[in-house]
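Visitor: I should like to go through this model with you and ask, for each label, what justifies it. May we begin once the structure is on display?

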Amino acid sequence: MENYQWLNWALLLGSFGILIFIGYLSSRVVKDSDETGFLVAGRSLGPFVGAGTIVATGFSGWGFMGSPGVAYEFGSIEVLGNFFFAPAMVIAVLYFAGFLRRRADELGSCTIPEYVAQLHGGGALLERWVKGVAAAITIVLLLVFLTSQIKAVGLLGASWLGISLSESALLMISVIILYTMLGGLAAVAWTDTLMVAGMGIGALVMMVQVFTDVSPMEMVERLNAIDPQLLNPTTSAPYGESRGSVFLVLPYAFLFTAVLPYMAVRFLAFKPTVKMHQVAIWVAPMGCLLSLVPIVGMYVRVAHPELAEPDQAMPVYLANFLHPALAGVITLFILFAMKSTANSLLHTVSSAASHDLRTALFPHSRASGARILWINRIWVAILGFVGFLMVLYAPPFMLSWLGILGSGTLLAVMIGPVFISAFWQGNGYGALAAMFTGLVTSGGFLLFTQVGWVEGPLYGCLASGLTYVLVSKLTSGAPSSSVVRAG
């Protein structure tokens, strides 16, 4: 492999040049006089680019590094769980994206915290509290998720390039910072679309190699010989103790796509003329193809059942089962996958800091368009390097678990104010109470109990949703509640 490191560096530097160039081209969307260019790509996304950025962000780092590790450890349950993401994304696009886009456009919302605040109203002070709290929680939890993504891309880059984890992580996050600063969400979406094409090619190549080497029946026989639980589990671990817990991934993945700020903000960025069935037509095949990737983890379990760390499944596969030149290209595509989530997370946390927190704390500031744009960009750099420092000093963790701690808990935080409000709109007090309840409940389950990875956030969603409705009713004398229909 060492003889091919020059090729790996050439591929990496060439891809960096392309990503930075795309960032430069997309900077034309970011106009000094209009912050929406940075925050929601000037509402310019079409069906293909919109679908590409949704799928790339949803499947990315955990799908190519974390998910094969989970499949190596737990077996076929992860393959089944992973497959639920494609239909869940299609359902979210078809039945929720259009409503959220229209409602946010009516309100003039450019971020999810801003949408939550403007939707619930209650006066200027309450709106500022709702926006500020939503932004602060978003920053904290997505920085946790960002840490897992930077570590994932750093681990793979380190083994690929022959450098240390810290050097690799710094190199990768620096390039992500640069093109995200240049073009905001437009740069994120356009680079994601390029990346998802590479991810799809990578998934296809890996499946051809795996099933050329080992037939499905042979893989089944060998996995059964290692541990029958890998193919016929009595639980849904790590998703829950019941055998049926894995089916909770479908509603979880739907809410993941519809509610999480770094996913849902893409719905705000579509052109007003885009029909969501056009987007779904692209999302479905992309998602189904990328759902195959965890099979690699089961393949590695057959060939190398002695791995000390399950998260090494994909690096071991690339080092041992592909020609070094081909492994280099596939590794580049996997790095693309991880970057596609990292850039989305970085854009969302920087938007929460530079736009939502700024306008919540200083509502009467009179900054010019050019100055605001530089505030947006500076926060991209600050929070990108904060994420890098968190990688250096964080204790050991399993990549997929840390991602769920951040994204699953944020899902529980936002379920009421973003999703339930589409059917029954509460008020600002209910939104605040729901956010704190979701934070404490989901975070508590994941940190301090042995509850499954999907069950903890869903319990948090239940507690948060009930709190949203109950507190809104109890405080209905403040702003009155009303009914809104999703459509």
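Guide: A disulfide is a pair of cysteine sulfur atoms within 2.5 Å. Please bear in mind throughout that this is a predicted model.

Visitor: How many disulfides does the count come to by this rule?

Guide: The count comes to 0 disulfides.

Visitor: What makes C288 buried, exposed or partly exposed?

Guide: Buried means under 20% relative accessible area and exposed means over 50%, with partly exposed in between. C288 has 41% relative accessibility, and therefore counts as partly exposed.

Visitor: And what of C461, is that residue buried or exposed?

Guide: C461 has a relative accessibility of 7%. The cut-off for buried is under 20%, so C461 counts as buried.

Visitor: Why is N82 called buried?

Guide: N82 is called buried because its relative accessibility is 1%, set against a limit of under 20%. The residue is found in helix α4, which covers residues 76-83.

Visitor: Which residues does N82 touch, leaving out those up to four places away in sequence?

Guide: N82 touches F59, W62, S67, L290, S291 and P294. Contact here means heavy atoms within 4.5 Å. By comparison of another kind, the C-alpha atoms of N82 and L392 are separated by 29 Å, the two residues being 310 apart along the chain.

Visitor: What can be said of residue pairs distant in sequence, such as F99 and F267?

Guide: F99 and F267 are 168 residues apart along the chain, and 9.1 Å separates their C-alpha atoms. F99 lies in helix α5, residues 85-107, and counts as buried because its relative accessibility is 6%.

Visitor: How far apart in space are T437 and T467?

Guide: From C-alpha to C-alpha the distance is 7.2 Å, with their positions 30 residues apart in sequence. T437 lies in helix α18, residues 428-448. Setting aside residues up to four places away in sequence, T437 touches A463, S464 and T467.

Visitor: How many cavities of 30 Å³ or more does the structure hold?

Guide: The structure holds 3 cavities of 30 Å³ or more. The second largest has a volume of about 80 Å³. Of the 13 residues lining that second largest cavity, T111, I112, V265, T348 and S351 are the closest to its centre.

Visitor: What makes a space of this kind a cavity?

Guide: A space is called a cavity because a 1.4 Å probe fits there but cannot get out. In general terms, rolling a probe the size of a water molecule over the atoms shows where empty space is left.

Visitor: Which helices each supply at least two residues of the lining of the second largest cavity?

Guide: These are α6 (112-120), α11 (261-268) and α15 (324-361). The largest share, 5 residues, comes from α15. By residue class, the lining of the second largest cavity divides into 7 nonpolar, 5 polar and 1 charged.

Visitor: Is T348 buried or exposed?

Guide: T348 has 8% relative accessibility and therefore counts as buried. The residue lies in helix α15. Beyond residues up to four places away in sequence, T348 touches T138, L142, P261 and Y262.

Visitor: How many residues does the largest nonpolar core have?

Guide: The largest nonpolar core has 167 residues. Those with the most contacts inside this core are M199, M206, M219, V279, M314, Y317 and I334. Helix α8, residues 165-213, contributes the largest share of the core, 20 residues. I334 is in contact with F64, M65, L156, M314 and L318, leaving aside neighbours within four places in sequence.

Visitor: What is noted about the backbone at A41 and R43?

Guide: Phi of A41 is near 55°, a positive value in a residue other than glycine. R43, also not a glycine, has a positive phi of about 50°. A41 lies in the loop between α2 (36-40) and α3 (47-74), and R43 lies in the loop between α2 and α3.

Visitor: Why are A41 and R43 called buried?

Guide: The limit is under 20%. A41 has 0% relative accessibility and so counts as buried; R43, at 17%, therefore counts as buried.

Visitor: Where is a cis peptide bond found?

Guide: A cis peptide bond joins A237 and P238, with omega about 10°. P238 lies in the loop between α9 (216-226) and α10 (249-259).

Methods: Residues are numbered from 1 along each chain as its sequence is written. This is a predicted model: local features need pLDDT of at least 70, side-chain atom pairs count only at pLDDT 80 or more; totals for chains, interfaces and linings use all residues. Side-chain values use heavy atoms; hydrogens and water are left out. On a 1 Å grid over the protein atoms alone, a cavity is a set of points where a 1.4 Å probe fits but cannot get out, and a pocket is an open set with protein on both sides within 12 Å along at least five of seven lines; lining residues have an atom within 4 Å of a point. Grid points are joined across faces, edges and corners, and a volume is the space filled by probe spheres set on the points. Helices (H or I, at least four residues) and strands (E, at least two) are DSSP runs, numbered from the N terminus. Ala, Val, Leu, Ile, Met, Phe, Trp, Tyr, Cys and Pro count as nonpolar, Asp, Glu, Lys and Arg as charged, and the others, Gly among them, as polar. Buried means under 20% relative accessible area, exposed over 50%, partly exposed in between (1.4 Å probe, protein chains only). A nonpolar core is a set of buried Ala, Val, Leu, Ile, Met, Phe, Trp, Tyr and Cys residues joined through side-chain atoms within 4.5 Å.
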